[in-house]
Amino acid sequence: MILLDRVTKNYNKRGTALKSISLHVEPKEFVIIVGPSGAGKSTLLKLLTREEKPTSGKIIVGGIDYETLKDRKIPLLRRKIGVVFQDFKLLANKNVYENVSFALEVVGMGNKEIARTIPKVLDIVGLTGKELSYPSELSGGERQRVAIARAIARQPKILIADEPTGNLDADHAWDVIRVLEKINKYGTTVILTTHNQEIVNKLKRRVITIRDGQVVSDKAGGKYK
Ligand code: ADP
């Protein structure tokens, strides 16, 4: 499903963000990526979403070989990959329903299908009843769950969660993690980056540790060190 073969990324001549990384992630896996700041985690995620191109190496996601991927096909790729960020990136002037519906309108989903989809995704993230609330009226954990609802509404095969709990207190962080686990159980591959040691150690999932642009450990049920 996700294959990286000797992927290197140099942003400039001075430094190498990723040094010949090889990785294989199976469909429906739940993978946690950890590593100190500057290790290369964001670069890895940006390569997967095609925000950045590798300097060398092969990337294949869901059967799409990035080397031969035409720019006009990138929106198609992005529909396979949902992304949530630490800072939620919700539209402040739209309510919960509108934040999710807007994301579906822009990919051309019809109104009927949107009306069918939104209650389902709000139920998954535990926000039924909050449709008319604006982001400013929600807790951080609820905002992040709106962002997750928006990301999964297009039924991506892969959900990338880049430090989704970074701005949340412990209880809200766990609410978000439980939602990610639920989505994974329904069949979506989840790739999570986090600095939260307790979350990593309690989840007991595959943990890939990146340091200085290299994979230094890759273990099922791995610990944060
Ligand atoms: P992490 O997400 O683990 O903190 P990053 O992938 O952001 O790490 O960064 C890895 C390395 O690449 C760092 O040395 C960083 O300074 C460098 N880097 C990241 N983005 C850019 C960029 N757009 N231009 C130049 N260097 C970058």
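A polar contact is a pair of N or O atoms within 3.5 Å. In this predicted model, Lys41 meets that cut-off because a polar atom of its side chain lies 2.8 Å from an oxygen atom of the ligand. Thr43 also approaches through its side chain, with an N or O atom 2.5 Å from a ligand oxygen. Ala39 uses its backbone instead: a polar backbone atom is 3.1 Å from an oxygen atom of the ligand. Taken alone, the ligand exposes 560 Å², and the protein buries 58% of that area.

The surroundings of the ligand include the run Pro36, Ser37, Gly38, Ala39, Gly40, Lys41, Ser42 and Thr43. Tyr11, Asn12 and Ala17 complete the set. By class, this shell holds four nonpolar residues, six polar residues and one charged residue.

The strands were examined next. Six of them form an open sheet with mixed pairing. Their order is β6-β7-β8-β3-β9-β10. The edges are taken by β6 (81-85) and β10 (214-219). Each has a single partner strand, so one side of each is left without a neighbour in the sheet. Neighbouring strands are turned by 15° against each other on average, direction ignored.

Within this sheet, β3 (residues 30-34) and β9 (residues 206-211) run parallel and are joined by four bridges. Val34 stands opposite Thr209 of β9. On its other flank in the strand order, β3 is followed by β8. Helix α6 (residues 170-185) lies across β3, β7 (158-162) and β8 (189-193). The helix runs at about 155° to β8.

The pairing of β9 with β10 is antiparallel and spans five bridges. Arg211 faces Gln214 of β10. The two strands form a hairpin with two residues between them. In that turn, Asp212 has a positive phi of about 50°.

A further set of pairings involves β1, β4 and β5. Strands β1 (residues 2-9) and β4 (residues 56-61) are antiparallel, with five bridges between them. Thr8 stands opposite Ser56 of β4. Strand β4 also runs antiparallel to β5 (residues 64-65), to which two bridges join it. Here Val61 has Ile64 as its bridge partner. Strands β4 and β5 form a hairpin, again with two residues in between. Gly62 in this turn has a positive phi of about 55°.

Note on methods:
Residues are numbered from 1 along each chain as its sequence is written. This is a predicted model: local features need pLDDT of at least 70, side-chain atom pairs count only at pLDDT 80 or more; totals for chains, interfaces and linings use all residues. Side-chain values use heavy atoms; hydrogens and water are left out. Two strands pair if DSSP finds at least two bridges between them. Axes are lines fitted to C-alpha atoms, for helices over the stretch in contact, and angles run from 0 to 180 degrees between N-to-C directions. Contact means heavy atoms within 4.5 Å. A residue is near a molecule or strand if one of its heavy atoms lies within 4 Å of it. A polar contact is a pair of N or O atoms within 3.5 Å; within protein, one must be able to donate a hydrogen and the other to accept it, and residues adjacent in sequence count only if both atoms are side-chain atoms. Accessible areas come from the Shrake-Rupley method with a 1.4 Å probe; for residues, only the protein chains shown count as cover. Ala, Val, Leu, Ile, Met, Phe, Trp, Tyr, Cys and Pro count as nonpolar, Asp, Glu, Lys and Arg as charged, and the others, Gly among them, as polar.
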